Amino acid sequence: MALAAPPGVSPTFWRLVTAEPLAGATVLDVGRGRGRIALALAPLVRRVVGIDRDAEAIAEATRHAEAAGLANAEFVVADAEKIEFVDIVPGRIHAHPDLVVAHLYFAESLVEQASIALTRGKALAFVAFHVDQWRETGRPSRFAIDEAKVRELLVDCGFAVEHLEVEREVQRFKTVEEALAAAIGLQERWRADGRWFNYLKFLEEGGRTLTRSHLVVKARRAGESFAP
């Protein structure tokens, strides 16, 4: 029976990840926040290493791992856009992971570094913000990407795409008040970058939706290592 996805994690992503031969595997979890993916994978794998540049989040993930007795889960403070994945596994030089995962983290360097670190036949799985994420604000996130661009990047970096799907949820509201309440947690961030004004304008013009949209991707390394 398939394992249920951790809370807040795409069930499709989790199914794709747990379909891999995890027993005996070393997994690299990139941009892992407070460790929900790594902690859920730890009982299934030989070793999991989570990296994030947020030292507080890393410390919290480490505490959770220790409390759960997960000696095979390690967490490292590192900027995923500035390090080489083969050098991040503690205590090992040029260590190649068997699987690289990222949930709601994406940068071109993720694909580039995974291509270098993964040997032929090994997989990369990630969830990224799609360009339709919060489209009502009129400004896609700088971390968002569309299907064509992510497919092109993967192929250019020597991956064969096995799964590429858009998961989209559109909330619909009866009133402006309901729409504002749904976005209240985003207000501070959106005010800082101008999106809050755009969302208010959208509501004033009769709009009553809020879209969440993600790309769920799994690709497998083919051929020789990629050299950027």
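**Reading helix H5 and the largest pocket**

Modeller: In helix H5 (residues 147–156), a helix being a DSSP run of H or I of at least four residues, numbered from the N terminus, the residues Val150, Leu153 and Leu154 are buried, that is, under 20% relative accessible area with a 1.4 Å probe and protein chains only, whereas exposed means over 50%. This is a predicted model, in which local features need pLDDT of at least 70, side-chain atom pairs count only at pLDDT 80 or more, and totals for chains, interfaces and linings use all residues. Residues are numbered from 1 along each chain as its sequence is written, and side-chain values use heavy atoms, with hydrogens and water left out.

Biologist: Why do the buried residues of H5 line one face of the helix?

Modeller: An α-helix has 3.6 residues a turn, so residues three or four places apart point the same way. Seen down the axis of H5, the buried residues fall within an arc of 95°, so they line one face, the arc being that of the directions from the helix axis to the C-beta atoms. On the other side of H5, Ala148 and Asp156 are exposed.

Biologist: Which elements do the buried residues of H5 pack against?

Modeller: Contact means heavy atoms within 4.5 Å. The buried residues of H5 pack against helix H4 (108–117) and against strands E5 (123–129), E6 (159–172) and E7 (209–221), where a strand is a DSSP run of E of at least two residues.

Biologist: What follows H5?

Modeller: After H5 comes Gly158, with a positive phi near 85°.
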